[in-house]
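Visitor: I'd like a close look at one part of this protein, starting at the edge and working inwards. Could you take me through it step by step?

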Amino acid sequence: MRILFLGDVVGRTGRDAVIAALPGLRRDLALDLVVVNAENASHGFGLAPEMARALFAAGADCLTLGNHAWDRREIIPYMEQEPRLLRPVNYPPGTPGRGAQVIEAPGGRRALVINAMGRLFMDALDDPFRAVQQALAAHRLGQGGTIAAAVLDFHAEASSEKLAMGHSFDGRLSLVIGTHTHVPSADHQVLPGGTAYMTDAGMCGDYDSVIGMEKGTAALRFWKKVPGERLAPAEGEATICGLFVETDDATGLATRVAPLRQGGRLSQLMPA
Ligand SMILES: [Fe+2]
Ligand SMILES: [Fe+2]
């Protein structure tokens with residue numbers, strides 16, 4: 001299976017870039033599954049239903065969220081009726097929406113997508129490790145199993161927690177990829193057990209910024225301790241950041257990983 005994961009879409013510039021690029025990327029990379037983290041798509045905070053619809057229409061098969069899941073309250077009723085939109089699975093029982101979903105891919109293949117959130121330097125949620133284990137419990141990866149591929153978006157601040165997650169499920173997931181820091185890491189690899197891994201996908205947004213937000217206002221927050229202007233997304237050209245993964249249908253495990261960076265200020269990388 002040919003999978004593309006894109007990191008946190010930030011604001012209009014990130015949205016526009018992803019929506020413009022996805023149809024071409026789907027075609028050129030012959031993608032079977034596209035997963036996009038959209039927690040910052042609406043002016044940097046949350047995801048409005050019309051923006052979710054636009055990302056689906058452009059070619060996303062599944063959207064994931066994170067700590068900004070609830071910033072746009074109107075997403076709650078939409079989430080209840082759109083199974084392809086996930087919020088972290090380790091919110092307490094009774095939280096609206098779902099954190100894992102099987103997505104239909106070409107050729108009758110099925111892919112499980114899970115969204116989980118870390119606990120280091122973040123809101124204290126339920127244990128993400130046990131929540132992922134539980135989400136996986138009913139599934140078996142590879143030929144003869146229930147799913148051809150399984151992708152985890154682990155939305156977390158600390159690289160240690162993300163690496164611990166990757167190694168914990170090495171051989172049981174096709175891909176463990178981090179989101180939330182908005183900066184792409186350089187440690188993409190196939191782990192020894194066959195799971196593709198990257199500590200952070202990076203954001204789809206303007207990198208002349210402080211993690212996607214207008215740099216002047218964001219920097220002032222560190223200089224002054226009184227509340228200043230509201231943060232707003234930077235609006236320069238976005239770099240689309242993510243990871244391309246190829247998996248073997250027989251095992252569901254990764255055979256190749258290649259980072260993707262397109263447009264904007266970052267050095268450009270396109271999977272061969
Ligand atoms: Fe984010
Ligand atoms: Fe986040």
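Guide: Let's start with A30, which is partly exposed, at 40% relative accessible area. Keep in mind that you're looking at a predicted model. A30 sits in the loop between α1 (11-28) and β2. For a sense of scale, the C-alpha atoms of A30 and G144 are 24 Å apart, while 114 residues separate the two along the chain.

Now follow the chain through β2, which covers residues 33-37, and into the loop that leads to α2 (49-58); E39 is in that loop. Another residue of the loop between β2 and α2 is H43. Its phi is near 55°, a positive value in a residue that isn't glycine. With 45% relative accessible area, H43 is partly exposed. E39 has a relative accessibility of 1%, and since the cut-off for buried is under 20%, E39 counts as buried.

E39 is our way into the metal site. Which atoms hold the iron ion (ligand 1)? Its donors are D8 (OD), E39 (OE), N40 (OD1) and H182 (NE2), at 2.0 to 2.2 Å. Written as a spacing along the sequence, these donor residues read D-x30-E-N-x141-H. The angles among the four donor atoms run from 88 to 166°, and the site is classed as irregular. One pair here spans a long stretch of chain: E39 is in the loop between β2 and α2 and H182 in the loop between β7 and β8, so parts 143 residues apart in sequence are tied together. H182 is buried, as is E39.

Next door is the iron ion (ligand 2), 3.4 Å from the iron ion (ligand 1), with E39 as the bridge. The protein donors of the iron ion (ligand 2) are E39 (OE), N67 (OD1), H155 (NE2) and H180 (ND1), 2.1 to 2.2 Å away from the ion. Why is this arrangement called irregular? The angles its four donor atoms subtend go from 87 to 147°. Tetrahedral would need every angle to lie between 85 and 135 degrees, and square planar would need opposite donors over 155 degrees apart. The 147° end of the range therefore breaks the tetrahedral rule and falls short of the square planar one, which leaves irregular. Along the chain, the donors of the iron ion (ligand 2) follow E-x27-N-x87-H-x24-H. H180 is in the loop between β7 (175-179) and β8 (189-190), so its pairing with E39 ties together parts that are 141 residues apart in sequence. H180 is also buried, at 13% relative accessible area.

From the metals, let's move to the open space in the model. The largest pocket has a volume of about 360 Å³. Its lining consists of 16 residues, and the ones nearest the centre are H68, V210, I211, M213 and L231. By residue type, the lining is mixed: seven nonpolar, six polar and three charged. I211 is worth a pause. It belongs to the loop between β9 (196-198) and α6 (215-223). Like H43, it is a residue other than glycine with a positive phi; for I211 the value is near 40°. At 44% relative accessibility, I211 counts as partly exposed.

Finally, a look at the rings. How many aromatic pairs are there? The count is two. In one of them, W70 and Y91 meet edge-to-face, with 5.4 Å between centres and 75° between planes. W70 is in the loop between β3 (62-64) and α3 (75-81), and Y91 in the loop between α3 and β4 (100-105), so this pair ties together parts 21 residues apart in sequence. W70 and Y91 are both buried. The other pair is F129 with F154: the ring centres are 6.3 Å apart and the planes stand at 70°, so this one is edge-to-face too. F129 comes from helix α4 (residues 128-136) and F154 from strand β6 (residues 149-155), which puts them 25 residues apart in the chain. F154 is buried, with 1% relative accessible area.

Terms used: Residues are numbered from 1 along each chain as its sequence is written. Chains are lettered from A and ligands numbered from 1 in the order in which they are written. This is a predicted model: local features need pLDDT of at least 70, side-chain atom pairs count only at pLDDT 80 or more; totals for chains, interfaces and linings use all residues. Side-chain values use heavy atoms; hydrogens and water are left out. Donors are N, O and S atoms within 2.8 Å of the metal (3.2 Å for Na, K and Ca); water is not among the atoms, so sites may look incomplete. Four donors count as tetrahedral if all angles lie between 85 and 135 degrees; four count as square planar and six as octahedral if opposite donors are over 155 degrees apart and all others between 65 and 115; anything else is irregular. Helices (H or I, at least four residues) and strands (E, at least two) are DSSP runs, numbered from the N terminus. Buried means under 20% relative accessible area, exposed over 50%, partly exposed in between (1.4 Å probe, protein chains only). On a 1 Å grid over the protein atoms alone, a cavity is a set of points where a 1.4 Å probe fits but cannot get out, and a pocket is an open set with protein on both sides within 12 Å along at least five of seven lines; lining residues have an atom within 4 Å of a point. Grid points are joined across faces, edges and corners, and a volume is the space filled by probe spheres set on the points. Ala, Val, Leu, Ile, Met, Phe, Trp, Tyr, Cys and Pro count as nonpolar, Asp, Glu, Lys and Arg as charged, and the others, Gly among them, as polar. Rings of Phe, Tyr and Trp (its six-membered ring) pair if their centres lie within 6.5 Å; planes under 30 degrees apart count as stacked, over 60 as edge-to-face and the rest as tilted.
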